[in-house]
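Subject: A structure for you to explore

Hi there,

Here is the structure I promised to pass on to you. Have a look at it first, and then read on for what turned up in it.

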Amino acid sequence: MSKRLLVAFATLGLDPQCVEGMTWGPALLDGSRSLILLSDNNFGLVGKTAFHLLAVG
């Protein structure tokens with residue numbers, strides 16, 4: 001399996017801390033697939049729980 005960088009969070013000013021979950025979402029209107037990432041808040045120690053939605057062509 002190959003891998004490729006989809007997004008560099010640092011270039012967007014984001015720090016996802018720890019990505020704990022990843023799943024394919026529904027197809028988007030342009031036909032690309034959606035990829036949903038979940039980052040948790042490390043039990044309230046740092047950051048906050050966040051969902052990130054990416055379009056994968």
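Let me start with a puzzle: is Ile 36 buried, partly exposed or exposed? Keep your guess in mind while we walk through the chain. Please remember that this is a predicted model.

**The overall picture**

The chain has three strands and zero helices. Followed along the sequence, the pattern reads β-β-β. Along the principal axes, the C-alpha atoms fill a box of roughly 40 × 25 × 20 Å. Of the 57 residues in the chain, 19% count as buried. The accessible surface comes to about 4,600 Å², and carbon and sulfur atoms hold 62% of that surface. If you take the contacts in the chain with a separation of 6 or more, 22% of them are between residues 24 or more positions apart.

**How the strands pair**

Strand E1 covers residues 19-27, strand E2 covers 33-39 and strand E3 covers 50-56. E1 and E2 pair in the antiparallel sense, over six bridges. Two places to look at in this pairing are Met 22, which stands opposite Leu 37 in E2, and Trp 24, which stands opposite Leu 35 in E2. The hairpin of E1 and E2 has five residues between the strands, and Gly 31 there takes a positive phi near 95°.

E2 also pairs with E3 in the antiparallel sense, this time over seven bridges. Here Ile 36 has Leu 53 in E3 as its bridge partner.

**Back to the puzzle**

Ile 36 sits in strand E2. Its relative accessibility is 26%, and buried means under 20% while exposed means over 50%, so Ile 36 counts as partly exposed. Did you guess it?

What does Ile 36 touch, leaving aside its neighbours within four places in sequence? Its contacts are Gly 21, Met 22, Thr 23, Gly 25, Phe 51, His 52 and Leu 53. Another residue to find from here is Trp 24: Ile 36 and Trp 24 are twelve residues apart in sequence, and their C-alpha atoms are 6.2 Å apart in space.

**Two residues of E3**

His 52 and Leu 53 make a nice pair to look at one after the other. His 52 lies in strand E3, and Leu 53 has its place in strand E3 too. Which of the words "buried" and "exposed" fits His 52? His 52 has a relative accessibility of 13%, so it counts as buried. Leu 53 has a relative accessible area of 59%, which means that Leu 53 is exposed.

Their contacts are worth tracing on your screen. Not counting neighbours within four places in sequence, His 52 is in contact with Phe 9, Pro 16, Leu 35, Ile 36, Leu 37 and Ser 39. With residues up to four places away left out, Leu 53 touches Ser 34, Leu 35 and Ile 36. Leu 53 and Leu 37 are 16 residues apart along the chain, with 6.5 Å between their C-alpha atoms.

**A residue before the strands**

One of the contacts of His 52 is Phe 9, which lies in the segment before E1. Phe 9 has a relative accessible area of 15%, so Phe 9 is buried. Beyond its neighbours within four places in sequence, Phe 9 is in contact with Leu 14, Pro 16, Leu 37 and His 52.

**The largest pocket**

How much space lies in the largest pocket? The answer is about 260 Å³. The largest pocket is lined by 13 residues, and the closest to its centre are Arg 4, Leu 5, Leu 6, Met 22 and Leu 35. Strands E1, E2 and E3 are the elements that give two or more residues to this lining. E1 gives the most, with three residues. By type, the lining residues divide into eleven nonpolar, two charged and no polar.

You have already met two of the residues that are closest to the centre of the pocket, Met 22 and Leu 35. Met 22 is the residue opposite Leu 37, and Leu 35 is the residue opposite Trp 24. Those two pairs are a good place to begin when you turn the model around.

Happy exploring!

Notes: Residues numbered from 1 in each chain as written. Predicted model: local features only at pLDDT ≥ 70, side-chain atom pairs only at ≥ 80, totals over all residues. Heavy atoms only, no water. 1 Å grid on protein atoms, 1.4 Å probe; cavity = no way out; pocket = protein on both sides within 12 Å on 5 of 7 lines; lining within 4 Å. Points joined across faces, edges and corners; volume = space filled by probe spheres on them. Helix = DSSP H or I, 4+ residues; strand = E, 2+ residues; numbered from the N terminus. Nonpolar A, V, L, I, M, F, W, Y, C, P; charged D, E, K, R; others polar. Buried < 20%, exposed > 50% of the residue type's maximum accessible area, 1.4 Å probe, protein only. Contact = heavy atoms within 4.5 Å. Areas by Shrake-Rupley, 256 points an atom, 1.4 Å probe, with all protein chains shown as cover. Pairing = 2+ DSSP bridges.
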